[in-house]
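Let's take a friendly walk through a protein model together. Have a look at the chain below, and then we will begin inside it.

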Amino acid sequence: MRIGIDVGGTHTDAVLLGHDMTVMAEIKTATTADVTRGVVEALQQLLDRSGLDRAQVSAVMIGTTHFTNALVTRRRLARTGVIRLALPATAALPPATGWPAELLEAVRPSVHLCHGGHEFDGRPISPLDPDELRRAADELAAADITTVAISSVFSPVTAEAELAAADILRAELPHLRVSLSHQIGRIRLLERENATIVNACLLDLADEIVDAFTSALHAVGVSAPLFLSQNDGTLMDAEYTRRYPVRTFASGPTNSMRGAAFLAGLADAAVVDIGGTTADVGVLSGGYPRQAGTDVDIAGVRTNFRMPDVVSVGLGGGSRVTRRPDLRVGPDSVGYRLTEKALIFGGHTLTATDLAVAAGLADIGDPALVRHLDRDLVRLGTAWMADRVAALVDQMRLTAEPLPVVIVGGGSILMPPTLPGVPEVRIPEHHGVANAIGAAIGQIGGEVDRLFVTSSRLTRDDVLDQARAEAVDLAVSAGAVPESVEIVHVDEIHVTYLPGNAVRVIARAVGDLDLDRAHTKEENGQWATT
């Protein structure tokens with residue numbers, strides 16, 4: 001038995017899946033201001049409804065917005081040291097250049113530019129200076145800073161400088177928590193460095209969240225291993241989450257897309273996830289979300305670590321309907337106060353859900369409370385929402401071929417059975433908790449993204465085989481069943497601006513979660529840390 005939980009801005013959803021991946025029970029509760037308490041309540045209600053013996057739960061998977069919320073609200077962020085290995089190069093643009101002023105104030109980075117780094121082919125720019133790094137360690141200790149982000153030029157090609165610098169700093173400060181850019185971001189120093197700083201400033205919070213979730217499981221009598229959702233549709237265990245909290249960003253839309261693929265039986269489709277506040281549109285390719293190919297802006301910071309290609313708009317069940325100067329639904333929303341504010345629940349705010357009930361698309365609340373609405377308003381409002389979603393789906397297409405659409409989420413009641421220009425619309429059973437299902441069915445993954453230089457001794461086929469093998473090894477070491485691992489994505493990009501036959505290869509492998517191994521690791525106090 002698996003339990004999947006997804007924490008959204010309006011609702012916290014939980015599902016119980018049987019050994020054959022059938023939905024045994026589901027629950028949808030309002031997200032609370034204290035998100036962890038909301039998870040406990042959802043777990044308790046789910047277990048009470050199913051009557052399940054707690055010992056039968058084999059794993060709990062959670063998709064959370066804790067870390068995204070912390071960055072957006074600029075709260076609970078640790079002061080962070082930043083070590084860049086590049087001198088005498090890169091001094092013109094120091095770390096955290098272009099960050100929003102209020103985020104800089106929250107993180108207060110202690111920046112240190114040091115010698116080191118490599119060229120694209122692995123040749124050193126300059127040797128590391130151990131004394132320089134020890135002086136930086138002294139300054140970090142004096143400022144009582146316990147987390148540090150280390151970045152180096154072209155570290156995805158060779159991580160030697162970052163690893164050596166980390167060893168020197170830890171020798172001086174054994175308690176120091178280190179984030180290395182080659183383990184987080186991709187090619188391009190500034191964006192990779194930004195992602196690493198963001199990860200480092202969330203490390204203290206990651207400890208709090210993992211401990212809180214673990215306590216929540218124990219509070220309801222569940223002793224199964226805990227996993228959190230990553231933004232590529234795979235899972236990470238508790239220890240991995242403590243080291244890489246940034247990997248949870250955008251895991252909510254990813255879970256919804258994975259759940260939609262599972263429920264609809266489609267591997268290639270557009271997915272529209274409509275919640276109480278927003279509508280997220282993404283594209284499935286081979287059953288996994290298509291990854292963004294450009295830099296991703298997170299809370300005003302440009303980063304380049306992996307993220308799903310998702311577009312979000314303010315359209316959901318709680319969206320306010322305005323009629324002046326023109327009819328519009330959203331982006332303002334009553335959010336989790338829908339059951340207090342909407343007309344159908346006795347409130348005084350006209351919402352998108354009120355329009356859906358008045359149009360006969362949904363049967364919730366008291367339909368008598370919206371019978372007075374003008375029929376033209378209802379018709380035009382529901383058409384406006386359908387046209388908006390259809391336009392977003394069309395925007396996400398990369399080919400002329402139209403995509404089938406799977407609509408999930410609690411706000412799917414807003415959509416009619418057909419959409420303009422869409423060949424097929426599916427709203428599957430259990431669509432309201434697709435995000436929690438996506439978390440529960442998560443697999444274990446491994447990804448390689450680095451530069452290779454081909455030559456007469458290292459051919460293109462050799463490079464691709466090496467990348468695939470490394471991705472498979474990463475998935476297995478992270479907890480996947482070896483026999484189940486398969487390559488789901490390979491991309492090669494020839495880097496024309498570098499001399500020689502340089503090629504960037506991205507290879508991703510996924511496999512089924514080895515639950516027996518996970519239980520053994522938990523019992524022994526050991527966790528995968530690859």
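Start with Ile3, which, setting aside neighbours within four places in sequence, is in contact with Val15, Leu16, Leu43, Leu46, Leu47, Val57, Ala59, Val60, Met61 and Ala440. Contact here means heavy atoms within 4.5 Å. Before going further, note that this is a predicted model, where local features need pLDDT of at least 70 and side-chain atom pairs count only at pLDDT 80 or more, while totals for chains, interfaces and linings use all residues. Residues are numbered from 1 along each chain as its sequence is written, and side-chain values use heavy atoms, with hydrogens and water left out.

Ile3 belongs to the largest nonpolar core, which has 54 residues; Ile3, Leu202 and Phe249 touch the most other members. A nonpolar core is a set of buried Ala, Val, Leu, Ile, Met, Phe, Trp, Tyr and Cys residues joined through side-chain atoms within 4.5 Å. Buried means under 20% relative accessible area, exposed means over 50%, and partly exposed lies in between (1.4 Å probe, protein chains only). In soluble globular proteins, nonpolar side chains tend to be buried together.

Next, find helix H9, residues 251-264. Helices (H or I, at least four residues) and strands (E, at least two) are DSSP runs, numbered from the N terminus. The expected span of a helix is 1.5 Å times one less than its number of residues. For the 14 residues of H9 that gives 20 Å, and its end C-alpha atoms are indeed 20 Å apart. Because 11 of its 14 residues are buried, H9 is largely enclosed by the rest of the structure. Pro253 lies in this helix and counts as buried because its relative accessibility is 18%. Not counting residues up to four places away in sequence, Pro253 touches Asp280 and Val310. Just after H9, Gly265 takes a positive phi of about 70°.

Helix H6, residues 189-201, can be checked in the same manner: from its first C-alpha to its last it reaches 18 Å, close to the 18 Å expected. H6 is mostly covered, with 12 of its 13 residues buried; Glu191, Asn194 and Ala195 are among them. Those three residues also appear among the contacts of Thr303, along with Asp295, Val296 and Ile298, when neighbours within four places in sequence are left aside. Thr303 lies in strand E15, residues 301-303, and is buried, with a relative accessible area of 1%.

For a contrast, turn to Ala391 in helix H12, residues 375-396. Its relative accessibility is 42%, so Ala391 counts as partly exposed. Ala391 and Gly421 are 30 residues apart in sequence and 9.0 Å apart in space, C-alpha to C-alpha.

Finally, which residues lie nearest the centre of the second largest pocket? They are His182, Gln183, Arg247, Glu447 and Leu474, out of 35 that line it. On a 1 Å grid over the protein atoms alone, a pocket is an open set of points where a 1.4 Å probe fits, with protein on both sides within 12 Å along at least five of seven lines, and lining residues have an atom within 4 Å of a point. About 750 Å³ of space lies in this pocket, a volume being the space filled by probe spheres set on the points, which are joined across faces, edges and corners. Strand E21 gives the most to the lining, with 7 residues.
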